[in-house]
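This report describes how aromatic rings, strands and helices are arranged in one protein chain. The sequence and the structure come first.

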Amino acid sequence: MALKYAKQPWQTLYITFELFTVLFILLPVWSITYLFSRPRPTWSWTHAMIVAFQRRTTRLAFAVDVRPLMQWPDYRAIPPTTGYDAEGVWINGAPPHLIVAELAIFASVARVTPIRIPGYWYGRDSAAPKPTAPVSNSGQKVFLYLHGGAYFLLSAHPSAPFTPFIYRNLLQLTADAPHLLAVEYRLSSTRPLPEQHPFPAALLDALAGYIHLVDVMGYDPSNIIVAGDSAGGNLALALTRYLVENKGHAGTDTPPLPAPPGHLLLISPRTDLSNSHGDTHLMFNPPSANREVARSAYSNDMDIIGDDLGGEGYPSYGPLAYVGPFGLGMALSNRYISPASLHRNLHVSFTGFPRTFIVSGGAERYLDQICTLRDRMMKDMGKGQVTYYEETDGIHDFIGYPSHPGCRAALDAIGDWLARC
């Protein structure tokens, strides 16, 4: 399903209709309804209102191209960061000799190449946003963060909504990781917008950010925490997989590919861009008892994410734009795109992955695929290497909402995990 209202005058008419509906019909109805009944027992009236409003605006974002309206920064420039306690830097594209194996084939087919991209440094409390290089032998950890947004929305810039709150919260969890580098990877688009930056463009950019931390800043890979939320969690998995599966690769007289990261943090990751969790005919194995519980996620109609995962709402714009010329079959069977796909042709292993922390919400639409990822990682890596945290009434990406009742507890759990790493 392409963007329905990306062209004028339909875009203006649709936005006007949505704003009128929300402001004069839905908000009054929600405000009265939630005084007497909340969608989830632990939600406050304020939080219920925020979630309802966010769900409706998310629907708007998936129906029209909001980027021209919002003017979010992208990979082409580094807008000023004055007043945001952040610092932008240019990150050189990944060296061609480090783009190997399947990644080289994918890039050739999609006609995408490494380019220079922005990144944004964030610092803990009063620390300077950007650390002083080199940091070799300092023992300091660092976050490499990949933002969410369905691969076609949002930005790593501090002016973008939502994720800067996550950045700053993560930086308060441990003094051992006082800095975070957020990568401004290229966003995908498809018809009726220009068809550009499909997979693996974002993966090439994430790899460039990782190499920047190791080769330019001097971080030891074992001290890097690769983190991401939603689509950024998907990208964090893909980056880690590439580094694990090609560990030790080196060309003739060229520096080797950096070692895999020491830690992986996944926040409400989208791990299946196909509809395999919504179509029982595509399942890899019959559902287990746990899977039956997890699949109840499709009844989580109060999440901020709408019904874009299967059935009538699939395919949605994000997966279509991301797979690009490869087609939706790639989302079913490619481990870099859908490592939790239930399709019988997917062959995936997590052996060699670093210690991992997975955050999910019991009220989010992605719960079933997150549970599939958790089970596969625990099977391949061992339960001691994978920590899973589920907030009973948590929505998708709930730690990005300060009003959410489970936000603080989840952050504390991540902090405890980092202290043990």
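## Rings, sheet and packing helices

Arg116 is placed over the face of Trp90, 3.8 Å from the ring centre. A second arginine, Arg374, lies over the face of Tyr388, at 4.7 Å from the ring centre. The model is a predicted one, and side-chain atom pairs are counted only at pLDDT 80 or more.

Aromatic rings also pair with one another, and the count comes to 14 aromatic pairs. In one of them, the ring centres of Phe106 and Phe199 are 5.2 Å apart and the planes stand at 50°, so the pair is tilted. This pair links distant parts of the chain, since Phe106 belongs to helix 4 (residues 101–110) and Phe199 to the loop between strand 4 (179–183) and helix 6 (201–216), 93 residues apart. Phe106, at 10% relative accessibility, counts as buried. Phe199 counts as buried too, at 0% relative accessibility.

Phe357 and Trp417 form another aromatic pair, also tilted, with 5.5 Å from centre to centre and 50° between the planes. Here strand 7 (residues 355–361), which holds Phe357, is linked to helix 12 (residues 407–420), which holds Trp417; the two residues are 60 residues apart. Both residues of this pair, Phe357 and Trp417, are buried.

The two pairs are set out below.

| Pair | Centre to centre | Angle between planes | Separation in chain |
|---|---|---|---|
| Phe106 and Phe199 | 5.2 Å | 50° | 93 residues |
| Phe357 and Trp417 | 5.5 Å | 50° | 60 residues |

Ring pairs also build a cluster, which takes in Phe106, Tyr151, Tyr185, Phe199, Tyr322, Phe326 and Tyr336.

The sheet is open and is formed by eight strands in the order 1-2-4-3-5-6-7-8, with mixed pairing. Strand 1 (86–91) and strand 8 (386–391) stand at the edges with a single partner strand each, so one side of each is left without a neighbour in the sheet. From one strand to the next, the twist averages 20°. Strand 1 and strand 2 (residues 117–123) run antiparallel and are joined by six bridges. Ile91 has Ile117 in strand 2 as its bridge partner.

Two helices can be placed against these strands. Helix 5 (residues 163–171) lies across strand 2, strand 3 (142–146), strand 4, strand 5 (224–229) and strand 6 (263–267), and runs at about 165° to strand 3. Helix 11 (residues 367–381) packs on the sheet, where it touches strand 6, strand 7 and strand 8. The direction of helix 11 makes about 160° with that of strand 7.

Key:
Residues are numbered from 1 along each chain as its sequence is written. This is a predicted model: local features need pLDDT of at least 70, side-chain atom pairs count only at pLDDT 80 or more; totals for chains, interfaces and linings use all residues. Side-chain values use heavy atoms; hydrogens and water are left out. Rings of Phe, Tyr and Trp (its six-membered ring) pair if their centres lie within 6.5 Å; planes under 30 degrees apart count as stacked, over 60 as edge-to-face and the rest as tilted. Helices (H or I, at least four residues) and strands (E, at least two) are DSSP runs, numbered from the N terminus. Buried means under 20% relative accessible area, exposed over 50%, partly exposed in between (1.4 Å probe, protein chains only). A charge sits over a ring if NZ of Lys or CZ of Arg is within 6 Å of the ring centre and within 35 degrees of the ring normal. Two strands pair if DSSP finds at least two bridges between them. Axes are lines fitted to C-alpha atoms, for helices over the stretch in contact, and angles run from 0 to 180 degrees between N-to-C directions. Contact means heavy atoms within 4.5 Å.
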